[in-house]
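Me: I would like to go through the descriptive terms used for this model, and to ask in each case what justifies the word.

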Amino acid sequence: MIRRIKKVAVLGSGVMGSRIACLFANIGVESLLLDIIPTELNAAEIAKGMDINHAAFRNRIVNDALQNTIKSNPAALFLPSFANRISTGNFDDNLKDIHTCDWVIEVVVENLVIKQHLFERIEPLRKPGTLITSNTSGIPIHLMTKGRSEDFIKHFCGTHFFNPPRYLPLLEIIPTPQTDVAVVDFLMDYGKKFLGKTTVLCKDTPAFIANRIGVYALMEVFHASDKLGLSIESADKLSGPVIGHAKSATFRTADVVGIDTLIKVAKGLEEGLVNDEQRERFKLTNYLLKIDENKWYGDKSKQGFYKKTKNEKGETEILSLDLKTFEYKQQKKEKFATLELTKTIDDLKTRLPVLLGGTDVASEFYRLTFYPLFAYVSNRIPEIADNIYSIDEAVCAGFGWELGPFETWDALGVRDTLEKIKQAGYKPALWVEEMLASGITSFYKIAKGKKYYYSLKDKIHKQIPGTDNFIILDHIRSTQTIWKNSGTVITDLGDGIINLEFRTKMNTIGSEVIQGLNKAIDLAEQDFNGLVIGNNGVNFSAGANLAMLLMFAADQEYDEIDLMVRVFQKAMMRVRYSSIPVVTAPHHLTLGGGCELNLHADAVQMFAETYIGLVEFGVGLIPAGGGTKEMTMRAADVYQKGDIELNNLSNYYMNIAMAKVSTSAYEAKDMHIHRAVDGISMNLSMQIADAKNKAISLSDKGYTQSAPRKNIRVQGKNGMALFYAGSESMLRGKYISEHDKKISQKLANIMCGGELSYPQDVSEQYLLDLEREAFLSLCGERKTLERIQHTLKTGKPLRN
């Protein structure tokens with residue numbers, strides 16, 4: 001049976017239910033969102049003369065919940081218009097409509113009796129073979145199917161999405177012993193391929209995998225902080241990005257998620273894990289009990305471990321809670337010797353041994369938190385999962401860790417660390433010693449570009465299932481590199497395609513990246529069929545190297561800036577006009593020069609969560625790497641007769657002038673950055689493979705190098721007059737500064753073709769020359785230098 005999901009029903013419209021409906025709407029699947037009927041009319045409904053039979057009353061709960069979700073920030077939908085894919089109703093009037101659905105997802109309140117009652121109502125209404133899943137985060141899955149038919153039980157499973165489901169990639173799949181294996185396989189594959197999730201197969205144990213391990217790790221940080229007398233800001237400094245964990249670290253994460261939620265999970269685990277050797281570690285610390293008593297639950301109650309307030313100057317200030325006095329105080333920036341030693345170590349796997357090998361309180365903190373965690377996860381197999389990779393993938397995808405517990409242990413050295421764990425008084429599982437005794441010294445290994453894990457069952461390394469379609473550059477770099485410099489690596493992806501990977505800080509574009517780009521095109525034209533430009537970094541590219549530009553501008557080295565811009569423009573034109581197809585694979589932040597690179601590619605394979613835009617205006621400049629030229633050209637290609645030409649050009653102009661950044665790949669379509677020829681990947685791990693396949697397709701279709709354009713329609717002085725008038729009006733209304741006006745008029749000058757007396761066709765090179773001229777003139781402005789300095793210092797634009 002080939003199963004296809006055309007329509008889903010989501011039962012329960014709370015925070016998770018509405019967002020799950022939006023998740024399916026994002027991929028084009030029709031969603032039916034249902035909830036209960038209100039108990040009584042409210043004042044507004046009575047004033048409108050409604051009665052209890054009115055549809056607006058009966059669907060008030062579900063409609064209000066969906067609207068709140070649509071308005072939420074960060075957005076649950078890729079585009080607001082995708083809400084049209086969601087229809088709403090209530091359990092009494094519309095539950096019968098689930099017979100039209102291929103998948104029914106229950107997301108009601110965490111109460112077993114309520115869930116069982118709802119499933120009893122669903123049973124006669126669903127069509128045989130329909131998938132039925134529950135999004136519970138803690139209720140045993142097998143208890144929910146009591147009294148249900150064989151077909152229902154066969155197609156029933158737990159599907160635990162993490163909140164917010166659009167942004168957190170984890171999807172835990174929890175079958176019962178009676179769940180059809182084909183159903184489990186389908187859910188694992190569908191979640192990965194269509195929803196873009198890291199799907200992890202879990203056993204039906206308390207809190208499943210991610211929350212079981214993640215909350216244990218959080219509790220160890222709480223205990224260690226208490227023991228060492230660390231302030232919460234110091235603990236967060238130690239348990240955040242420096243060890244590859246989320247920026248919110250530990251205490252801030254608790255505030256964001258809700259300390260009440262954390263307390264509930266910890267209590268549930270302490271009560272439910274009667275045979276867990278570390279059960280006592282889930283016991284709430286005294287300060288957690290006090291916080292619960294005060295109901296200081298974090299962001300939702302306006303105070304928790306941190307509290308936002310105003311100081312005497314009226315400035316926003318974030319205070320931290322003193323866990324001894326229970327008073328809020330100003331945060332102190334504490335320095336740790338071990339952290340100072342690792343400031344120059346960018347690679348996490350190299351940094352970790354230094355962090356744990358010191359003699360100060362920071363290293364003691366790491367030993368107190370990592371050693372018990374390693375012992376704990378080793379003892380959870382096969383209790384919560386059969387394989388080590390399931391634990392690592394769940395924690396990384398659910399809690400934002402760069403390395404999972406077993407990967408971290410590998411980085412520290414399994415054998416040496418095992419002895420230190422035992423010396424510290426913890427008891428790892430015996431299988432770890434058996435693995436080492438057999439001559440296998442690591443939990444993972446890389447072979448032939450694929451990642452292998454140690455299988456407890458087979459006692460050998462085996463390839464992680466479901467990764468055949470992944471191209472992970474970290475796994476092939478050591479064997480497939482054909483050229484590299486200080487900022488780039490070129491690797492052979494196979495099948496006649498090579499990849500250019502940026503390796504600079506924030507993947508910014510400087511001279512080393514331009515050199516790598518030209519070299520990659522040279523190699524591809526000589527010996528290969530196509531080029532992919534992609535990386536596995538946190539972001540695709542933050543744009544040009546502003547620090548280098550600032551140095552030249554401050555020293556008034558305008559010839560150097562002119563050369564820099566010419567070289568960048570020439571490189572972009574090589575991307576457009578090479579003899580082989582060039583496909584880019586942007587993801588997350590793709591700004592400024594990074595955006596311009598994508599604008600010149602033959603095709604773009606965007607990750608769905610790509611935040612792309614021409615942001616140069618924010619630092620007092622205009623896009624001069626061909627970005628302004630590209631937007632002018634794309635506007636000209638869709639011109640119609642009459643005034644519509646200027647109206648159309650205005651839309652492209654405003655995207656640059658507002659330094660607009662897309663909130664998704666789909667919004668990039670509305671911004672004219674993503675074209676019909678371009679693709680979108682839902683799963684980040686599959687993106688480079690998707691880009692490679694697109695390059696192969698373009699090559700196989702007989703890719704031919706085209707000639708630079710000379711037929712770009714521009715509007716001349718008449719068009720400029722409109723934009724000039726607009727900028728004057730914005731200045732008078734105090735919406736922009738004098739410097740903003742100057743930049744906007746230079747932008748208009750380029751997009752209208754300069755001092756031309758009437759509309760006419762111009763070449764790409766003509767527009768590139770106008771770009772470069774405007775860019776150079778702006779580099780000589782004091783206010784531009786101030787904006788660049790401010791951005792480098794704060795990461796935020798300055799309006800001056």
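**Strands, helices and cysteines**

Reply: A parallel pair is a good place to begin: in this predicted model, strand E17 (residues 497-502) and strand E18 (residues 530-534) run parallel and are joined by four bridges. Within that pair, Asn499 has Val532 of E18 as its bridge partner.

Me: What makes E17 and E18 a pair of strands?

Reply: Pairing requires at least two bridges between the strands, and because E17 and E18 are joined by four bridges, they meet that requirement. Both belong to an open sheet of seven strands in the order E15-E16-E17-E18-E19-E21-E23, in which the pairing is mixed.

Me: Why are E15 and E23 called edge strands?

Reply: Strand E15 (481-484) and strand E23 (679-681) each pair on one side only. Across this sheet, neighbouring strands are turned by 20° against each other on average, direction ignored.

Me: What leaves one side of E9 and of E11 without a neighbour in the sheet?

Reply: The sheet in question is open and antiparallel, with three strands in the order E9-E10-E11. Strand E9 (306-310) and strand E11 (328-329) stand at its edges and each has a single partner strand, so one side of each has no neighbour in the sheet. E9 is joined to strand E10 (residues 316-321) by five bridges, the two running antiparallel, and Lys310 stands opposite Thr316 in E10.

Me: Why is H15 called roughly perpendicular to H16?

Reply: Helix H15 (residues 348-356) and helix H16 (residues 361-378) pack at an angle of about 110°, with their axes 8 Å apart. Because the term covers angles of 65 to 115 degrees, H15 is roughly perpendicular to H16. The contact is made by Val354, Leu355 and Leu356 of H15, together with Ser363, Tyr366, Arg367, Phe370 and Tyr371 of H16, and by class these are six nonpolar, one polar and one charged residues.

Me: What makes H9 roughly perpendicular to H12?

Reply: Helix H9 (residues 210-228) and helix H12 (residues 259-272) pack at about 105°, with their axes 11 Å apart; because this angle lies in the range of 65 to 115 degrees, H9 counts as roughly perpendicular to H12. From H9 the contact takes Asn211, Arg212, Val215, Leu218, Met219 and Phe222, and from H12 it takes Leu262, Val265, Ala266 and Leu269. These residues divide into eight nonpolar, one polar and one charged.

Me: How do you know that Cys157 is in no disulfide?

Reply: A disulfide needs two cysteine sulfur atoms within 2.5 Å, whereas the sulfur of Cys157 is 9.5 Å from the closest cysteine sulfur, in Cys202, and is therefore too far for a bond. Cys595 is in no disulfide either, the nearest cysteine sulfur, that of Cys779, being 19 Å away. A search of the whole structure finds zero disulfides.

Me: Why are Cys157 and Cys595 called buried?

Reply: The word applies under 20% relative accessible area; Cys157 has 0% and is therefore buried, and Cys595, with a value of 0%, is therefore buried as well.

Me: How do you know whether Glu630 is buried or exposed?

Reply: Glu630, which is found in helix H26 (residues 627-637), has a relative accessible area of 1%. Because buried means under 20%, Glu630 is buried. Leaving aside its neighbours within four places in sequence, Glu630 is in contact with Arg576, Leu599, His600 and Glu764.

Methods:
Residues are numbered from 1 along each chain as its sequence is written. This is a predicted model: local features need pLDDT of at least 70, side-chain atom pairs count only at pLDDT 80 or more; totals for chains, interfaces and linings use all residues. Side-chain values use heavy atoms; hydrogens and water are left out. Buried means under 20% relative accessible area, exposed over 50%, partly exposed in between (1.4 Å probe, protein chains only). Axes are lines fitted to C-alpha atoms, for helices over the stretch in contact, and angles run from 0 to 180 degrees between N-to-C directions. Angles under 35 degrees count as roughly parallel, over 145 as roughly antiparallel, 65 to 115 as roughly perpendicular and the rest as oblique. Contact means heavy atoms within 4.5 Å. Ala, Val, Leu, Ile, Met, Phe, Trp, Tyr, Cys and Pro count as nonpolar, Asp, Glu, Lys and Arg as charged, and the others, Gly among them, as polar.
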